[in-house]
Amino acid sequence: MRILQSEAASQEVLQDYFIKLWLNRTTLAEIELPGPWLRKVLVRECLQYLRKAAVYQRKLDGLPTEADSHNQALHSLSVKEIQEAVGKALSAMSPQRRLIYQMSREKGMTTKEIAEELGLSNGYVRNVLSAALQTIRGFLFPMDLMSVVVFLYFF
């Protein structure tokens, strides 16, 4: 088990090795030279363990470190700050613009449904909704919240 260079890894591979031997015990009688066969199976188990460990290590290396996560958390904005900025933008809008925005984003209505309910043209509702989003972007940009525009697009 010199291949693994770890006592814990050696124990894990030996356990897997003995499980495979037990599961294939009916075919062991057919093997002419069991010594070399057993060695071959053990070497394959060691190599398989090393491959799995290498894949696991590559995945770990691809993850951000704790320091990266901490820095990212410091630079990211809380949902509460975003909601406050959107609230301020909504309070600065005209009542009709605010209503159209709320019907679209909060109630999930399409522009066609909004137009029918309010008795407006579909094109007008689209333009007002676009202007409402532009107003919100204007409130987010000075606060360095422009990265949230993508968030607003989907919500």
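Mentor: Buried means under 20% relative accessible area, exposed means over 50%, and partly exposed lies in between (1.4 Å probe, protein chains only). This is a predicted model: local features need pLDDT of at least 70, side-chain atom pairs count only at pLDDT 80 or more, and totals for chains, interfaces and linings use all residues. Residues are numbered from 1 along each chain as its sequence is written, and side-chain values use heavy atoms, with hydrogens and water left out.

Trainee: How many helices and strands are in the chain?

Mentor: Helices (H or I, at least four residues) and strands (E, at least two) are DSSP runs, numbered from the N terminus. Read from that end, the elements run α-α-α-α-α-α-α-α. The count is eight helices and zero strands.

Trainee: What share of the residues counts as buried?

Mentor: The accessible surface of the chain is about 11,500 Å² (Shrake-Rupley method, 1.4 Å probe; for residues, only the protein chains shown count as cover). Carbon and sulfur atoms hold 57% of that surface. The chain has 155 residues, and the buried share is 22%.

Trainee: Among contacts between residues at least 6 apart in sequence, what percentage joins residues at least 24 apart?

Mentor: Contact means heavy atoms within 4.5 Å. With pairs at least 6 apart in sequence as the base, the share that joins residues at least 24 apart is 59%.

Trainee: Which side chains meet in a salt bridge?

Mentor: A salt bridge needs a side-chain nitrogen of Lys or Arg within 4 Å of a carboxyl oxygen of Asp or Glu. The structure holds one. At 2.6 Å, N to O, the pair is Lys20 and Glu45.

Trainee: How many residues apart in sequence are the parts that this pair ties together?

Mentor: Take the two side chains of the bridge, Lys20 and Glu45. Lys20 sits in helix α1 (residues 7–23) and Glu45 in helix α2 (residues 34–62), so the bridge ties together parts whose separation in sequence, in residues, is 25.

Trainee: Is Glu45 buried or exposed?

Mentor: Its partner Lys20 is partly exposed, at 38% relative accessibility. Glu45 has 7% relative accessibility, so Glu45 counts as buried.

Trainee: Which residues does Glu45 touch, not counting those up to four places away in sequence?

Mentor: One partner shows up in a polar contact (a pair of N or O atoms within 3.5 Å; within protein, one must be able to donate a hydrogen and the other to accept it, and residues adjacent in sequence count only if both atoms are side-chain atoms). That contact joins the side chains of Glu45 and Lys20 at 2.6 Å. With residues up to four places away left out, Glu45 touches Val13, Asp16, Tyr17 and Lys20.

Trainee: Which residues form the nonpolar patch on the surface?

Mentor: Patch residues have over 30% relative accessible area and no salt bridge; like charges are joined within 9 Å, and nonpolar side chains (Val, Leu, Ile, Met, Phe, Trp, Tyr) within 5 Å. Leu50, in helix α2, is partly exposed at 32%. The patch has about 220 Å² of accessible area together, and its members are Ile3, Leu47 and Leu50.

Trainee: How many degrees does the arc of the buried residues in α5 cover?

Mentor: In helix α5 (residues 95–105), Ile100, Tyr101, Met103 and Ser104 are buried. The arc is that of the directions from the helix axis to the C-beta atoms. They lie on the same side of α5, because their arc in degrees is only 165.

Trainee: How far apart are the C-alpha atoms of Val125 and Ile100?

Mentor: Val125 lies in helix α7 (residues 122–140) and is buried at 0% relative accessible area. Leaving aside neighbours within four places, Val125 is in contact with Ile100, Thr111, Ile114, Ala115 and Leu120. Val125 and Ile100 are 25 residues apart along the chain, and their C-alpha separation is 7.1 Å.

Trainee: Which residues is Asn122 in contact with, leaving aside its neighbours within four places in sequence?

Mentor: Asn122 also lies in helix α7 and is partly exposed at 29%. Its C-alpha atom is 6.0 Å from that of Thr111, 11 residues away along the chain. The contacts are Thr111, Lys112 and Ala115.

Trainee: How far apart in space are Ile82 and Leu140?

Mentor: Ile82 is in helix α4 (residues 79–92) and is buried at 9% relative accessible area. Ile82 and Leu140 are 58 residues apart in sequence, and their distance, C-alpha to C-alpha, is 7.9 Å.
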